[in-house]
Amino acid sequence: MSPPSPAARWAELAATTVLLDGFHALKHALRFGAEVPLALATDRPTTLALAERLAPDLVERLAATLVEAAPETLRGLVGRPHPTGVAALAVPTAAGPPAAAEARRAPLVLLDQPRHLGNVGAVVRLVAGVGAAGVLTTGTVDPWHPTVLRASAGLHFATRVGRADPGELPAGPLFALDPEGEDLRGLRLPDHAVLAFGSERAGLSPEVRARADALVALPMRAGVSSYNLATSVAMTLYHWQAGQRPPGT
């Protein structure tokens with residue numbers, strides 16, 4: 001009996017996995033321990049050559065994982081394939097409860113009812129790069145949506161990503177970003193803080209704002225209404241990192 005075709009195998013796995021769209025998403029997922037039951041490439045030799053150049057630590061695993069698929073097959077499965085001609089399915093990581101506040105060595109980022117999938121993915125990528133404790137979201141956006149994963153470049157597997165109930169937020173002092181807050185530059189953010197950022201349009205929800213231990217404002221030129229969500233997170237995490245983590249430590 002012949003093995004199932006890539007399309008048949010994809011259909012079999014799709015309900016219990018998430019999409020890794022492109023070489024870099026697959027690279028990061030594998031590097032940080034994701035279970036990848038199927039990975040497709042429209043040009044397997046070229047993909048392995050790219051791995052030799054950009055991810056030599058993963059060449060053997062990619063060689064054992066990648067399956068050649070015709071371009072039309074990949075288009076039928078993902079609609080608009082990534083320019084690298086690579087797509088894969090990975091088993092999502094169960095978020096579980098966050099670490100107790102006293103055990104955390106870096107802040108948790110809470111995105112309160114975000115709306116833009118690309119922004120959520122950019123924040124996951126930031127958090128993974130900085131080494132923060134994870135990203136939690138409230139509201140209806142799925143933090144493991146394929147568009148979020150594409151924007152994070154697969155770095156969901158390098159940090160903690162999950163949902164939070166506004167009525168049961170993680171323990172730890174909650175610093176909520178709000179224009180009426182105290183200037184961030186005069187504050188020190190503790191390592192076990194929860195950093196809350198409101199939605200791109202509506203700002204903080206009443207539930208999260210009421211729970212805040214402190215309201216914090218980013219410096220901003222008069223007349224400018226707001227920063228992009230991912231930019232706000234980056235500025236805040238940089239301030240935490242610069243204040244708590246001297247270079248070289």
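In this predicted model, strand β1 pairs with strand β4 (residues 86–90) in the antiparallel sense. Four bridges join the two strands. Among the residues involved, Leu20 has Ala88 of β4 as its bridge partner. Both strands belong to an open sheet of four strands, ordered β1-β4-β2-β3. Pairing in this sheet is mixed. The edges are held by β1 (18–21) and β3 (66–68). Each has a single partner strand, so one side of each lacks a neighbour in the sheet. Neighbouring strands are turned by 25 degrees against each other on average, direction ignored.

Two helices lie across this four-stranded sheet. Helix α1 (residues 6–13) lies across β1, β2 (38–41), β3 and β4. The direction of α1 is at about 140 degrees to β2. Helix α2 lies across β1, β2, β3 and β4 as well. For α2, the angle is about 120 degrees, taken to β1.

Helix α2 (residues 23–31) also packs against helix α3 (residues 44–54), their axes coming within 12 Å. The axes cross at roughly 60 degrees. An angle of 65 to 115 degrees would count as roughly perpendicular, and one under 35 as roughly parallel; α2 and α3 are therefore oblique to each other. Their crossing is right-handed. On the α2 side, the contact is made by Phe23, His24, Lys27 and Arg31. On the α3 side, Thr47, Leu50, Ala51 and Leu54 take part. By class, this contact comprises four nonpolar, two polar and two charged residues.

A second open sheet has six strands, in the order β7-β6-β5-β9-β8-β10. Here the pairing is parallel. Strands β7 (161–163) and β10 (214–217) stand at the edges. Each of these has a single partner strand, so one side of each is left without a neighbour in the sheet. From one strand to the next, the twist averages 35 degrees. At the β10 edge, β10 pairs with strand β8 (residues 174–183) in the parallel sense, over five bridges. One residue with a bridge partner in β10 is Asp183, which is matched with Ala217. Towards the β7 edge, helix α6 (residues 117–130) lies across β5 (108–111), β6 (134–137) and β7. Helix α6 runs at about 155 degrees to β6.

The loops on either side of helix α7 supply an aromatic contact. The count for the model comes to one aromatic pair. That pair is formed by Trp144 and Phe157. Their centres are 5.4 Å apart, with 75 degrees between the planes. The arrangement is edge-to-face because the planes are over 60 degrees apart. Trp144 lies in the loop between β6 and α7 (146–152). Phe157 lies in the loop between α7 and β7. The pair therefore ties together parts that are 13 residues apart in sequence.

How values were computed: Residues numbered from 1 in each chain as written. Predicted model: local features only at pLDDT ≥ 70, side-chain atom pairs only at ≥ 80, totals over all residues. Heavy atoms only, no water. Pairing = 2+ DSSP bridges. Axes fitted to C-alpha atoms, helices over the stretch in contact; angles between N-to-C directions. Contact = heavy atoms within 4.5 Å. Parallel < 35°, antiparallel > 145°, perpendicular 65-115°, else oblique. Left-handed = near helix turned anticlockwise from the far one by under 90°. Nonpolar A, V, L, I, M, F, W, Y, C, P; charged D, E, K, R; others polar. Phe/Tyr/Trp six-rings, centres within 6.5 Å; stacked < 30°, edge-to-face > 60°.
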